Amino acid sequence: AFFKELNYYEGENTYQTLKGNQINIFEKIYFPSEATNVAIVSFNDITKRKTLENELKLSEEKYRFLFEHVPVMILDYDLSEIKKYFDSLHLTKTEEFKKLMMDRSTGILEETFKRLKIVDVNDTIVKMLKAPNKKDIIEDFGKYYTNRTFNDFIENVIYVFDGTTERYFETEFITGDGKMMDAIV
């Protein structure tokens, strides 16, 4: 039915102006009474919003294409659960956290690593790590780590919590066929 109720309609439509431009409108039409031929109509110009939505979609498609096809390993991960864990420990200094993580007997390193959430990886990382697929890396990235990689992971987490937004370091991974691979992160 055109109207949600017998006396009301709302929706998005495209109109052409007298100058020939197309505009996007969100319109509401309300008929207060069946006894009259009166309608209350409101139009909101949403052309800018729709244009921005389309630009964002194109930008996202371009980003997705670059993410997947750039010849560099890309790993998108979320540290928010690690941050919550860090906050729950009520430590006043990052150095305290570092000491706890370095002491394997506390279990904090393992707990921290369990909270690392990998959101996505690109095709290049799958090929270079010789992984069977993206899902394998996302669900079990730890199997591609060595002791050195775990130590570098600790340092990376600590740098993030100290407010560092950029960091470059060398580390290593173990590939799906058991070979060592050096990488710059």
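1. Secondary structure. The chain, seen here in a predicted model, contains seven helices and seven strands. Their order along the sequence is β-β-β-α-β-α-α-α-β-α-α-α-β-β. The pattern opens with three strands before a helix appears, and it closes with two strands.

2. Overall dimensions. The radius of gyration of the chain is 27 Å, whereas a compact globule of 185 residues would have a value near 16 Å. Along the principal axes, the C-alpha atoms fill a box of roughly 80 × 40 × 30 Å. The chain is therefore not described by the globule rule, which is 2.2 Å times the number of residues to the power 0.38.

3. Burial and contacts. Of the 185 residues in the chain, 30% are buried. When contacts between residues at least 6 apart in sequence are considered, 45% of them join residues at least 24 apart. The accessible surface of the chain is about 12,900 Å², and carbon and sulfur atoms account for 54% of that surface.

4. Charge. There are 26 positive and 33 negative side chains in the chain. The centres of these two sets lie 1 Å apart. Side chains of opposite charge can pair when their charged atoms come close. A search of the whole structure for such pairs gives 16 salt bridges, and points 5 to 7 take up some of them.

5. R49 and E12. These two residues form a salt bridge, with 3.0 Å between the closest N and O atoms. The pair links distant parts of the chain, since R49 belongs to helix 1 (residues 47-69) and E12 to strand 1 (residues 8-16), with their positions 37 residues apart in sequence. Is each partner buried or exposed? R49 counts as partly exposed because its relative accessibility is 40%, and E12 is partly exposed with a relative accessible area of 40%.

6. E53 and K50. A salt bridge also joins E53 to K50, where the closest N and O atoms are 3.7 Å apart. Why are these two residues separated by about one helical turn? They are three residues apart in helix 1, and so about one turn of the helix lies between them. E53 is partly exposed at 37% relative accessibility. K50 is partly exposed as well, at 23%; the cut-off for buried is under 20%, so K50 does not fall in that class. Together with the pair in point 5, these residues make up a network of salt bridges that links E12, R49, K50 and E53.

7. D136 and K143. The side chains of D136 and K143 meet in a salt bridge with an N to O distance of 2.8 Å. D136 has a relative accessible area of 16% and so is buried, whereas K143 is partly exposed at 43% relative accessibility. This salt bridge therefore has one buried partner and one partly exposed partner.

8. K130. The backbone at K130 deserves a look. Most residues other than glycine have a negative phi. K130 has a positive phi, near 55 degrees, and is a residue other than glycine. The residue is located in the loop between helix 5 (123-128) and helix 6 (134-139). With a relative accessible area of 45%, K130 is partly exposed.

9. V72. This residue sits in the loop between helix 1 and strand 4 (75-78). V72 counts as partly exposed because its relative accessibility is 47%. Which residues does V72 contact, leaving aside its neighbours within four places in sequence? The contacts of V72 are with N122 and T124. The C-alpha atoms of V72 and G163 are separated by 25 Å, and the two residues are 91 apart along the chain.

10. Y85. Helix 2 (residues 80-88) holds Y85. Y85 is buried, because its relative accessible area is 12% and the cut-off for buried is under 20%. Setting aside neighbours within four places in sequence, Y85 is in contact with I108, E111, T112 and R115. For one of these, T112, the C-alpha separation from Y85 is 7.4 Å, with the two positions 27 residues apart along the chain.

Methods
Residues are numbered from 1 along each chain as its sequence is written. This is a predicted model: local features need pLDDT of at least 70, side-chain atom pairs count only at pLDDT 80 or more; totals for chains, interfaces and linings use all residues. Side-chain values use heavy atoms; hydrogens and water are left out. A salt bridge is a side-chain nitrogen of Lys or Arg within 4 Å of a carboxyl oxygen of Asp or Glu. Helices (H or I, at least four residues) and strands (E, at least two) are DSSP runs, numbered from the N terminus. Buried means under 20% relative accessible area, exposed over 50%, partly exposed in between (1.4 Å probe, protein chains only). Contact means heavy atoms within 4.5 Å. Accessible areas come from the Shrake-Rupley method with a 1.4 Å probe; for residues, only the protein chains shown count as cover. Lys and Arg count as positive and Asp and Glu as negative; His and the chain ends are not counted. The place of a charge is taken as NZ of Lys, CZ of Arg, CG of Asp or CD of Glu.
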